[in-house]
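Visitor: Could you take me through this model? I would like to begin with the overall fold and then turn to individual residues.

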Amino acid sequence: MSSQSPLELPAGWTCVLSVHRAADGTYSGRAELTQRGNQRCLIVETRQRTAEAADALVKARALRFIDEWRQR
């Protein structure tokens, strides 16, 4: 399942988002972040009660990672 609403990212950044349902009925979200073609981070959030929660949480963490990366 792909993310429903895309992220607004700084120039040069891309993010591939996905949400998956586990056998136990929970959801996990995944965000793969790249900057100018170089992988920077892979974020996985597991055991969320809804797909929307997994999507929102992984997006928030992705944006936080980019903000922190840019402050380095």
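Guide: The conversation below goes from the fold to the charged side chains and then to some individual residues. Please keep in mind that this is a predicted model.

Visitor: Understood. Which secondary structure elements does the chain have?

Guide: The chain has one helix and three strands. Their order along the sequence is β-β-β-α. The radius of gyration is 12 Å, close to the 11 Å that the globule rule gives for 72 residues, so the chain is as compact as a globular protein of that length.

Visitor: And what does the C-alpha trace span along its principal axes?

Guide: The span is about 40 × 20 × 20 Å.

Visitor: How much of the chain is buried?

Guide: Of the 72 residues, 33% count as buried. The chain exposes about 4900 Å², and carbon and sulfur atoms supply 46% of that area.

Visitor: What share of the contacts comes from residues far apart in sequence, say 24 or more positions?

Guide: Such pairs account for 36% of the contacts, counting those with a separation of 6 or more.

Visitor: Let us change to charges. How many positive and negative side chains are there?

Guide: There are 11 positive and 8 negative side chains, and the centres of the two sets lie 4 Å apart. The number of salt bridges comes to four.

Visitor: Which residue does aspartate 24 pair with?

Guide: Aspartate 24 forms a salt bridge with arginine 47, with the closest N and O atoms 3.1 Å apart. Aspartate 24 lies in the loop between strand E1 (13-21) and strand E2 (27-35), whereas arginine 47 belongs to strand E3 (residues 38-48), so the pair ties together parts that are 23 residues apart in sequence.

Visitor: How accessible are those two partners?

Guide: Aspartate 24 is partly exposed, at a relative accessible area of 46%. Arginine 47 counts as exposed, at 60%.

Visitor: Does anything else stand out for arginine 47, and what is its phi?

Guide: Arginine 47 has a positive phi of about 60°, although it is not a glycine.

Visitor: Where else is there a positive phi in a residue other than glycine?

Guide: Arginine 36 is one such residue, with phi near 50°. Arginine 36 is found in the loop between E2 and E3, and its relative accessible area of 61% makes it exposed.

Visitor: Back to the salt bridges. What is the partner of glutamate 32?

Guide: The side chain of glutamate 32 meets that of arginine 30 in a salt bridge, at 3.5 Å from N to O. Glutamate 32 is partly exposed, with a relative accessible area of 26%, and arginine 30 is likewise partly exposed, with 35%.

Visitor: What about the helix: which residue does aspartate 55 bridge to?

Guide: Aspartate 55 forms a salt bridge with lysine 59, and the closest N and O atoms are 3.0 Å apart. Both residues are in helix H1 (residues 51-70); being four residues apart there, they are separated by about one helical turn.

Visitor: Is that pair buried or exposed?

Guide: Aspartate 55 is buried, with a relative accessible area of 13%. Lysine 59 also counts as buried, at 9%. The cut-off for buried is under 20% relative accessible area.

Visitor: Now the link into the helix. Where does arginine 49 sit?

Guide: Arginine 49 is in the loop between E3 and H1. This residue is exposed, with a relative accessible area of 79%.

Visitor: Which residues does arginine 49 contact, leaving aside neighbours within four places in sequence?

Guide: Arginine 49 is in contact with Gly25 and Tyr27.

Visitor: How far apart in space are arginine 49 and arginine 61?

Guide: Their C-alpha atoms are 17 Å apart, and the two residues are 12 positions apart in sequence.

Visitor: One last residue: where is asparagine 38, and how exposed is it?

Guide: Asparagine 38 is in strand E3. At a relative accessible area of 41%, asparagine 38 is partly exposed.

Visitor: And what separates asparagine 38 from tyrosine 27?

Guide: The two residues are 11 positions apart along the chain, and 27 Å separates their C-alpha atoms.

Notes. Residues numbered from 1 in each chain as written. Predicted model: local features only at pLDDT ≥ 70, side-chain atom pairs only at ≥ 80, totals over all residues. Heavy atoms only, no water. Helix = DSSP H or I, 4+ residues; strand = E, 2+ residues; numbered from the N terminus. Rg over C-alpha atoms; globule rule 2.2 N^0.38 Å. Buried < 20%, exposed > 50% of the residue type's maximum accessible area, 1.4 Å probe, protein only. Contact = heavy atoms within 4.5 Å. Areas by Shrake-Rupley, 256 points an atom, 1.4 Å probe, with all protein chains shown as cover. Lys, Arg positive; Asp, Glu negative; His and termini not counted. Charge placed at Lys NZ, Arg CZ, Asp CG, Glu CD.
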